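This report describes selected features of one protein model for a reader who has not met it before. It takes up charged pairs first and helix packing after that.

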Amino acid sequence: MSQRIAVVTGGAGGLGTAICKALADAGRKVVATDTIAGTPEGQQWLDECRNDGYAFDLVFMDVTDFEGCGSAVSAIETEQGPIEVLINCAGITRDGTFKRMTPDQWRAVLSTNLDSVFNVTKHVVDGMMDRGFGRIVNISSLNGQKGQFGQANYSAAKAGMHGFTMALAQETARKGVTVNTVSPGYVATKMVMAVPEEVREKIVAQIPVGRLGDPREIGDSVVFLQRDESGFITGMDLSINGGQYMH
């Protein structure tokens, strides 16, 4: 693969980190964006990645801020070159039954998980089409496919991501830009592994393969979809959930 520049939003998170590493291993120049950039936590992430052999750039980006996303994209492209691979991975949860869900909980999740896909993609897709190459991969979720009790906001946002994927894929297909979705199930990130063991056991009991996913498995799926050679794959949703939801 050529040394194309890949941007991963939410890149310092559990899945984001695995995706950054997989892309780097595949030969991409990786720029992670995250709100922890410029903080001690961000520096710790960079140091940990460097100890693992990865020299990433970490750029501040608030994915809920359209103008701020534009400024960050402009800075990256000025310093690094054109963004040819975009992985929309930023996301949060604010769980609660719909009866108790507040407008703030709803707006926070929709803004971070769904509006963000517009806010970032809008600033890179025209350049991709002008150059005749682009790969956009949106990280959705198993719960965007089947729904989940206590996650009306999260499920709605993640389902919306794939609707966005299918629509934009049709608009960009003839310009050499593919747009796809990856929908992970339960993956052994630090956040999931911090859940009490008895709760994790109940989750695993629902997964036919009998285990949690490995973050690297998500990273490898993203690498497949963003390859130069994957130009005939667009508008699809790749489910990676151990058979927990088949459709």
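A salt bridge is here a side-chain nitrogen of Lys or Arg within 4 Å of a carboxyl oxygen of Asp or Glu. The model is predicted, and a search of the whole structure finds 11 salt bridges in it.

**Salt bridges**

Three of the pairs are listed below.

| Pair | Closest N to O |
|---|---|
| Arg50 and Asp47 | 3.2 Å |
| Lys29 and Asp57 | 3.5 Å |
| Glu229 and Arg227 | 3.5 Å |

Arg50 and Asp47 form a salt bridge inside a single helix, α2, which covers residues 40–51. They are 3 residues apart, about one turn of the helix. Arg50 has a relative accessibility of 45% and therefore counts as partly exposed. Asp47, at 34%, is partly exposed too.

The side chain of Lys29 forms a salt bridge with Asp57. This pair links distant parts of the chain, with the two positions 28 residues apart in numbering: Lys29 belongs to strand β2 (residues 29–34) and Asp57 to strand β3 (residues 57–60). Lys29 is partly exposed, with a relative accessible area of 24%, and Asp57 is partly exposed at 26%.

Glu229 and Arg227 meet through their side chains in a salt bridge. Is Glu229 buried or exposed? Its relative accessibility is 54%, so Glu229 counts as exposed. Arg227 has 28% and counts as partly exposed. Elsewhere, salt bridges that share partners join Arg4, Arg28, Glu84 and Asp228 into one network.

**Helix α4 and a residue within it**

Helix α4 spans residues 103–131, and Thr112 is one of its residues. The relative accessibility of Thr112 is 13%, and because the limit for buried is under 20%, Thr112 counts as buried. Apart from neighbours within four places in sequence, Thr112 is in contact with Val63, Thr64, Ala90, Gly91 and Ile92.

**Packing of α4 with α6**

Two packed helices are described by the angle between their axes and the distance between the axes. How are α4 and α6 oriented to each other? The axes of α4 and α6 (residues 152–172) cross at roughly 15° and come within 8 Å. Angles under 35 degrees count as roughly parallel, and α4 and α6 are therefore roughly parallel to each other. Their crossing is right-handed. On the α4 side the contact includes Gln105, Trp106, Val109, Leu110 and Met129. On the α6 side, Ala152, Tyr154, Met161, Phe164 and Thr172 are among the residues taking part. By class, the contact of α4 with α6 consists of 15 nonpolar, 6 polar and 2 charged residues.

**Packing of α3 with α4**

Helix α3 covers residues 66–79, and its axis comes within 7 Å of the axis of α4, at a crossing angle of roughly 40°. That angle makes α3 oblique to α4. The crossing of α3 and α4 is right-handed. From α3, Phe66, Cys69, Gly70, Val73 and Glu77 take part in the contact. They meet Phe118, Asn119, Val120, Lys122, His123, Val124 and Arg131 in α4. The residues in the contact of α3 with α4 divide into 6 nonpolar, 3 polar and 3 charged.

Notes: Residues numbered from 1 in each chain as written. Predicted model: local features only at pLDDT ≥ 70, side-chain atom pairs only at ≥ 80, totals over all residues. Heavy atoms only, no water. Helix = DSSP H or I, 4+ residues; strand = E, 2+ residues; numbered from the N terminus. Buried < 20%, exposed > 50% of the residue type's maximum accessible area, 1.4 Å probe, protein only. Contact = heavy atoms within 4.5 Å. Axes fitted to C-alpha atoms, helices over the stretch in contact; angles between N-to-C directions. Parallel < 35°, antiparallel > 145°, perpendicular 65-115°, else oblique. Left-handed = near helix turned anticlockwise from the far one by under 90°. Nonpolar A, V, L, I, M, F, W, Y, C, P; charged D, E, K, R; others polar.
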